[in-house]
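Dear colleague,

I am handing over the structure we spoke about, and it is placed just below. After it you will find an account of what was found, written for someone who is meeting it for the first time.

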Amino acid sequence: MDIAFFVVTMALFAGVFIFLGYLGYKKTKTVEDYFIAGRTMGALLIALSYGATFISAVALIGFSGIASIYGHSILWLAFLNIFVGIFIAFVFYGLRTRKMGIALNAMTLPELLGNRFHSAGLQKVSGLIIGVFMVAYTSAVFLAIASLFQVTFGIPYWVCVVIFTVIVGIYLIVGGLYAVMWTHMVQGIVMLVGMVMLTIGIYAMLGGIGPAHEAAAALTPEMLQSIGSPAATQAPNGLTSMPPVFSQPFMMVLTLIFGVGIGVLAQPQLITRYLTAKNEKALRLAVPYGGFFILIMTFFAFSIGPLCNVLMYQNDIMYPTKLVAGATVANPDAVVPTIINTLFPQWFVAIFLFAILAAAMSTAAALFHTAGASIGRDVCETSMKKKCEPKRSIMITRIATFAIVIATLVIALNPLDVVAFMTAFFFGLMACTFLAPYTLMLYWKKTSRVGAWVGMLGGFLFTIFWYVLIYFKTAPSIIGSSMIDNYLVNMLDPIFIGLALSFLLTILFSSIVKQDTTEEAIMKKTFESL
């Protein structure tokens with residue numbers, strides 16, 4: 001593809017987003033403006049920002065590729081994304097979070113926890129966990145998108161990384177959450193257009209919805225083997241059926257579905273969106289808008305993944321591969337890009353690439369903002385003896401965000417294996433660390449400071465232990481092999497055990513160590529507002 005097109009389009013993207021950053025800067029007058037867009041956002045903006053933050057380039061490319069291996073059983077994740085990630089999240093978490101955030105004057109998840117339990121230490125440790133792991137996650141998002149653009153446009157990897165990081169960094173640091181959410185509106189629309197056009201194109205090539213799925217169901221293991229598709233062994237009952245119960249493919253699908261589908265409830269960058277709502281009506285109306293967006297983005301992405309096997313078989317295209325430690329292995333992340341580059345016209349290749357770019361930039365901006373707020377407001381500012389004036393508070397977070405952006409850039413330019421590991425368990429780690437104290441804080445009046453501390457740290461330490469020593473994808477690369485050979489155990493996402501453990505510890509220690517007088521007074525104040 002013509003490099004001139006890349007330059008012109010990137011300049012257009014940069015111009016629009018930096019202009020929105022400038023508008024955000026003009027609009028930002030208070031601390032609330034910078035951190036939660038002044039609590040003034042309407043339903044459509046909240047829904048698109050939530051969806052654009054949730055659906056990254058990893059989801060569009062990565063999960064489409066995963067679906068090409070395990071088949072349409074991955075569609076259960078789309079159901080959980082809508083039912084749990086939208087309905088449960090907004091109705092059972094969003095409304096109470098917004099009310100409690102106002103009552104406690106909290107603008108981040110760590111600040112919500114710290115103010116609710118009267119513990120600056122809890123706020124600082126929470127902020128540190130979020131900030132550190134988000135840097136690795138964000139760098140991996142940029143690493144993936146820069147690699148894709150390098151292959152397509154032939155532009156050096158480092159140039160792509162620098163361009164993407166600088167654009168996002170400028171409009172975020174300058175404009176705060178106003179700029180982030182306004183750009184999410186543009187990015188969300190680009191993502192929707194790209195995904196709808198891709199889905200229509202693939203179904204049209206295969207003769208329509210019915211013939212496409214019939215063709216996918218008709219693919220035999222021998223046919224899949226002929227193109228080198230891992231689905232030959234990983235979808236033993238075919239691409240349109242669930243794998244046999246308790247088989248290795250079944251355990252993998254189960255881990256993917258629940259690890260991401262449940263983990264979404266405790267993502268700090270998504271929780272922030274509840275706090276931006278101007279009223280309860282905005283949050284309620286965001287449910288159908290957000291549900292539609294997530295339906296299109298995930299259901300379509302997971303639907304077309306298995307169909308890519310049909311297109312590869314019909315057009316004699318081999319399943320993409322990559323070199324890992326000198327060995328050639330299947331590369332599901334390259335499945336959709338391969339189909340697009342091979343079978344679609346060049347003008348569509350450009351549209352979809354920038355849909356992927358929009359997905360990556362929207363997620364990265366939200367992660368930068370959350371990580372910067374975690375380090376700036378929750379760690380640095382909380383450590384100061386004097387309370388900061390609003391302008392100084394915003395400046396501290398801008399400096400922290402700049403540091404986060406630079407750290408992300410350095411890691412993305414010098415990627416380490418550990419980055420991939422941190423990304424792999426980011427969702428599970430956030431869920432096992434924060435979901436129990438966060439949920440119980442909203443619903444159980446007897447939750448105490450000690451209970452929150454023990455539940456949070458217990459879930460965090462267990463998850464780290466599980467990924468380092470047991471989980472089949474990470475343990476072999478860290479310590480050489482999993483400590484447990486049974487795949488029924490080592491293929492389980494830690495969320496199955498860690499989340500239950502965190503809830504148990506929070507409830508147990510809250511029952512043993514009761515709230516002190518200050519905690520009880522805060523609890524009564526917050527629950528009066530619910």
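To begin with a single residue, is A43 buried or exposed? A43 is buried, with a relative accessible area of 10%, where buried means under 20% relative accessible area, exposed means over 50%, and partly exposed lies in between (1.4 Å probe, protein chains only). A43 belongs to helix 3 (residues 43–54), and helices (H or I, at least four residues) and strands (E, at least two) are DSSP runs numbered from the N terminus. Not counting residues up to four places away in sequence, A43 touches A282, L285, A286 and Y289, a contact being heavy atoms within 4.5 Å. A43 and L283, although 240 residues apart in sequence, are 6.0 Å apart in space, C-alpha to C-alpha.

Please keep in mind that this is a predicted model, in which local features need pLDDT of at least 70 and side-chain atom pairs count only at pLDDT 80 or more, while totals for chains, interfaces and linings use all residues. Residues are numbered from 1 along each chain as its sequence is written, and side-chain values use heavy atoms, with hydrogens and water left out.

Turning to the whole chain, there are 24 helices and two strands. The radius of gyration, taken over C-alpha atoms, is 23 Å, close to the 24 Å that the globule rule gives for 530 residues, so the chain is as compact as a globular protein of that length; the rule itself is 2.2 Å times the number of residues to the power 0.38. Along the principal axes, the C-alpha atoms fill a box of roughly 70 × 55 × 45 Å. Of the 530 residues, 59% are buried, and of the contacts with a separation of 6 or more, 83% are between residues 24 or more positions apart.

The interior holds a largest nonpolar core of 169 residues, in which F90, L198 and Y438 touch the most other members; such a core is a set of buried Ala, Val, Leu, Ile, Met, Phe, Trp, Tyr and Cys residues joined through side-chain atoms within 4.5 Å. Helix 8 (residues 157–205) gives the largest share of this core, 20 residues. Leaving aside neighbours within four places in sequence, L198 is in contact with I304, V336, I340, F344, F348 and F352. Apart from the largest core lies another one, of eight residues, including V31, Y34, M107 and I394.

A charged residue can also be found among the buried ones: E519, in helix 24 (residues 517–528), is buried, with a relative accessible area of 3%. Beyond residues up to four places away in sequence, E519 touches R116, F117, S448, R449 and K514.

Two loop residues deserve a look for their backbone angles. N105, in the loop between helix 5 (75–104) and helix 6 (109–116), has a positive phi of about 55° although it is not a glycine, and N105 is partly exposed, with a relative accessible area of 43%. D316, which is found in the loop between helix 14 (280–314) and strand 1 (321–324), likewise has a positive phi, near 55°, in a residue other than glycine, and D316 is exposed, with a relative accessible area of 73%.

With kind regards
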